[in-house]
Amino acid sequence: MRVIGLAAAVAISLSACGGGTSSIAAPSPSAPAPLPEVSSTPIEQEAVSPPAAPVVIPPPVPAPSAPSTAPVTTTPPSVAPAPLAGRVVVIDPGHDGGNAAHARDIATQVDIGTGTKECDTVGAQTADGYPEHALNFDVAQRLRDRLTSAGVRVALTHTDDTGWGPCITRRAAIGNEAHAAAAISVHADGGSSSGRGFHVILPAPVAGLNDAIVAPSRRLGQAVHSAFAAATGEPTADYLGSDGYTVRSDLGGLNLSTVPKVFIEMGNMDNGTDAARLETPAYRDRMAAGVAAGITAFLKES
Ligand SMILES: [Zn+2]
């Protein structure tokens, strides 16, 4: 099994669909890089978030009741509860189909703990116009269906691809309020056209905010990374990060999470090879299968 070099300090170029281009150095456990100061400004997400429908997590599927005429038996029950039954996972399909028509709304600045950032962004697209929000929502639905079939209770941060937002602060809050065992933001990148591959984004510790979820998020990220690679054969990103990982403190979705959470950037929409795969429904199903396998592996060991 390959040892993943997460501890290495990694210079990260941020050209992702999350918006903005900047560069940070990932912290190293042996020599932690200084992190941006945490703002003391209260998060005013209620003032900036669009109206959001309450998140409804489907109740667990009830076990079939025993027939009233069941024969008396001396054999003890041998059916163990499914390890995934009733566990809660929140899936965050990155961006939203209505964002482009709500430019002013999604440009609202929100507090992400290490600064401010746009409420949401439009996202990337392939050269022939397949938008990232549609890709993300499609994979999120496939992922939801697979996890639900395994007994997991799933909530999405938005349940259609026609509205705008919710703001990144709200996307994090939905996972927190659901007390999710795991949360994942599903994205694809808009990087250099010459680079391809997938990567997983792990939370950098932000003092006083997400310290408790950094370690379990790393385990979640490693499980998703391994299973996604196995299911898809997609190489790890060759244009940023290290071994298909980046560590970031500029994403509200990770800074503000109180539950284990990662982002996956499933491929680079600006790259022709990746774009052709991402536009293929059968391949999107393989990606969803890979992410589902990673999440369930994490749930079974946590
Ligand atoms: Zn994105």
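Colleague: Which residues does V224 touch, not counting residues up to four places away in sequence?
Modeller: This is a predicted model, where local features need pLDDT of at least 70, side-chain atom pairs count only at pLDDT 80 or more, and totals for chains, interfaces and linings use all residues. Residues are numbered from 1 along each chain as its sequence is written. Two residues touch, or are in contact, if their C-beta atoms, placed from the backbone, lie within 7 Å. By that test V224 touches I184, V200, V262, I264, V291, G294 and I295.

Colleague: Which helix gives the most to the largest nonpolar core?
Modeller: A nonpolar core is a set of buried Ala, Val, Leu, Ile, Met, Phe, Trp, Tyr and Cys residues joined through C-beta atoms within 7 Å. Buried means that 20 or more other C-beta atoms lie within 10 Å of a residue's own, placed from the backbone. This core has 66 residues, and V224, V291 and I295 are among those touching the most other members. With 7 residues, the top contributor is helix α8 (residues 281-300).

Colleague: How many helices and strands are there in the protein?
Modeller: Both are DSSP runs, numbered from the N terminus: helices are H or I, at least four residues, and strands are E, at least two. The count is 8 helices and 10 strands.

Colleague: What is the angle between helix α3 and α8?
Modeller: Axes are lines fitted to C-alpha atoms, for helices over the stretch in contact, and angles run from 0 to 180 degrees between N-to-C directions. Helix α3 covers residues 132-149, and its axis lies 8 Å from that of α8. The two pack at an angle of about 50 degrees.

Conventions
A residue is buried if 20 or more other C-beta atoms lie within 10 Å of its own, exposed if 12 or fewer, and partly exposed in between; C-beta atoms are placed from the backbone.
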